[in-house]
Structure formats: C-alpha cells, structure tokens
Amino acid sequence: MTLMQISKLLAWGRLALCIPAFSQSSNPYADGNAAAPDEWLLVKKGNPWWYETKPSPTPVQLQKRAPTAAEQAIIDRARALVANRPAKAFVLMDGDTVLYSETKAPADADSVFFGFSMGKTVTAMAAGQAICAGKLKLETKASEVMPELNGKALGNATVRDLLRMASGAADPNPDSSVWTPDQFKEWGRGNLNLVNLVTEDRIAKAAKGVFSDFKPGEVSTYKSTDPYVLGIMVSRATGTVWSQWIQEQILNPMGAAKPGLYVQDRQQNGLADSGLRMRLEDWMRFAVWVKRSSKEAGCFGDYVRAATSTQISNGSNPSTRKMGKLFGGYGYFTWTENSIVPNTAWASGWGGQRIGWNTDPNNNRMVITFSNVESWMPDVYELSKDWNRLSK
C-alpha cells in the first residue's frame, strides 16, 4: 500500500468517525428514506421575494418520434415503474428527442417541479460560465471574493474545492443542510441572510477529524455550504444577482420555454444548493443543453466534460458514504461512477429527483425522474443501463 493510499484511508476513517450519529434535519423522510412530498415537490407559487424565471428569448423545440421495438420494451418498463413506485414523472430521451414522458397525478405537464439538489448541477454549470467569462478561476479562494471569510477555514477553499464538496468546512447536519432548526424557521419567514449563514464560525470553521482538522481539497463531504458560497462568489465576481446570472447563463442558452421559480433570500442571495423549480419540459431542455455543451470545443465544453467526470472519490466503501451510496465518484456538483449503470453522470435531488447522462459523446440517451421517495432509484438505474445500451 502506497503512502497516498494510506493517507486516503486515514482521511476517510477520520471522516466516518467525525460525522455525528444524530443531528437535526430539515428535509423530510419516509420510512428512513429521503422523501419529497407533493407539497414540497410541486409548488407552483413561491414566496414574494423569490425570483420568477422567464422563458428564453429563443426557446428550444423538443422533438418526438415513434419508438423502436427495443425502445418500446423499455418504455413499457418505465410505465410499470410509474404505476407501482412513488414516481411523479419519468422521461426517456435520445438527445433532444423525447421517446417517453409521463406524469402521475397530482403532477401534470404544467407542474413546476422542485429539483432539490439537482440545483447543485445547475450551480456547477453557472460557475463554469463565470470561469469561461474570465470572472473567476478554479484556483480563486473564497476569501478573495468574500472578505467576510478572511481568517476562517472556509475562506481558504478554492472554487475547485467548493465544486467538489471539498471545502474542508464543518458538516453540521446528516441531510447536508447547515442551518439550525431555528434558522430553518427563519428561512421560511424570509428572515435569514445566506451570507450571514455561511460566514458564521459554526459553519466556516474547519471540520475536525480524529487527529487534525480537515484541509480544503482533502476529502469530499456533501453539504450545502459549498454551493451557497460558490453562488455568492459568482454573483460578486460577475457583478450580477445570482438569479439573473442563472437566467442569462443557464435558462436563456438552454432555451427554457416556460416560467419557473428560483429560491433566494430577500437580499437576492440564491439558494445555490437547490433553488431551481421548472416545468418538466424545461428540465428536459436543461438535460439536452448539458449534453450538447459536453460535446463542444472550447472552455465551456472542457468544463462540462470535467464536471461530469470524477474529480474526487466518494470513498471506496458504500456503507460509510454519507450521501450517494451508489456513486464512487463526484465531479463538479454532479455524481459519477454509478455502481449499476457505467459511464454516466447524474444530477441528484432529495427524494428521487434525477437526470442521468451517458458520458460517451456518441451516446445521447438520458433519463429524468421526479419522485416522492428515493427508495426505488436502483430500479431507475437498471432501466437507465438498458436504455443506454440501445445506442450501441
């Protein structure tokens, strides 16, 4: 065993020992599984201080065609899953062509679906746009853009560290949230400022292992701090309100066709870990845009390819992984190395919200799901594996 391997084992051992056995959670569960009840998943009207997203000036037209016999067999399996699992929507695509799309009541085509942590992948893409515009670098430290973090451990994390969930900062709650129960209540009332939240010593201090503090870049530990900070950094570096940056750099180029919602505080700091809510067809457009971008030459194409490939390990033992039990790797706010379906990258949200991309540039198959409970995701991955095989 090499010194590097020993170092990684020690780091993961320290991480496993320092995660609290029980702490508060602000996200719902059902029988021990991450849950997204309809009153969370399908909210059409937000608080008055949230941003209402707008259709793109150039909406993208999604295509349709009749499925082949092999595709129809998988579509039939997807229909059975929707009927018998806590699914609320299921989509099978081949590039910009929709082969199958179904919703289950009370969801319908006009529902505004909350992506939960699929919003982290959206944040990754927005950060990539800022990097390629020359506003940030992967090596930029948080404290360079947020002087409130000077002298705090979190301030030493770089953009690359943040994108990989490797800030080294404290990890308060088991569900990846970082606010206290009282702060969560204040958030709902519109009284919590996200800049104040992430610069608290409780959150901005280093995570403590058994032997020493964690350092930025040392190990990936999934929490809301890192995307929150990155969203604030992008907003400040670009001189653009975060929701407006999302509008201009994500929703407009992807060709959004319908209005949606982006969650933010009253100061317009975006909820960059989960803030985006869109209609199903626009989640499809986002999926198509990411895949198309991953094939392009130049800065953003290179960035998307890096974002959807492994940048840091999620640990070798699934039983000790805090999040992403079936994923061996993590890219930029995107999961990689799915143990069931190879050569894929996944945007993953609490309760079973998923977008799965094949990372082969010649394979355009994609899967999208929205769900009330996360327990049936292995079924989604098995179906995705067979859907991807149809391109061979």
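In what follows, two residues are in contact when heavy atoms of theirs lie within 4.5 Å of each other. Good morning, colleagues. The structure before you is a predicted model, and I shall present one residue and then one sheet.

Let us begin with Thr140. This residue sits in the loop between helix 4, residues 118-132, and helix 5, residues 142-145. Is Thr140 buried or exposed? Its relative accessibility is 11%. Because buried means under 20% relative accessible area, Thr140 counts as buried.

Which residues is Thr140 in contact with, leaving aside its neighbours within four places in sequence? They are Val145, Ala157, Thr158, Val159 and Met233. Thr140 also has a polar partner in the backbone: a polar atom of its side chain lies 3.0 Å from the backbone nitrogen of Lys137.

I now turn to the sheet. Here 4 strands form an open sheet, and their order is 3-8-9-7 with antiparallel pairing. At the edges are strand 3, residues 51-53, and strand 7, residues 112-114, each of which pairs on one side only. On average, neighbouring strands in this sheet are turned by 25° against each other, with direction ignored.

Let us look at one edge of the sheet. Strand 3 is joined by 3 bridges to strand 8, residues 260-262, and the two run antiparallel. Within this pairing, Glu52 stands opposite Leu261 of strand 8.

Finally, a helix accompanies these strands. Helix 11, residues 242-254, lies across strand 3, strand 8 and strand 9, the last of these being residues 276-279. Relative to strand 3, helix 11 runs at about 10°. Thank you for your attention.

Note on methods
Residues numbered from 1 in each chain as written. Predicted model: local features only at pLDDT ≥ 70, side-chain atom pairs only at ≥ 80, totals over all residues. Heavy atoms only, no water. Pairing = 2+ DSSP bridges. Axes fitted to C-alpha atoms, helices over the stretch in contact; angles between N-to-C directions. Buried < 20%, exposed > 50% of the residue type's maximum accessible area, 1.4 Å probe, protein only. Polar contact = N/O pair within 3.5 Å; in protein donor to acceptor, adjacent residues only side chain to side chain.
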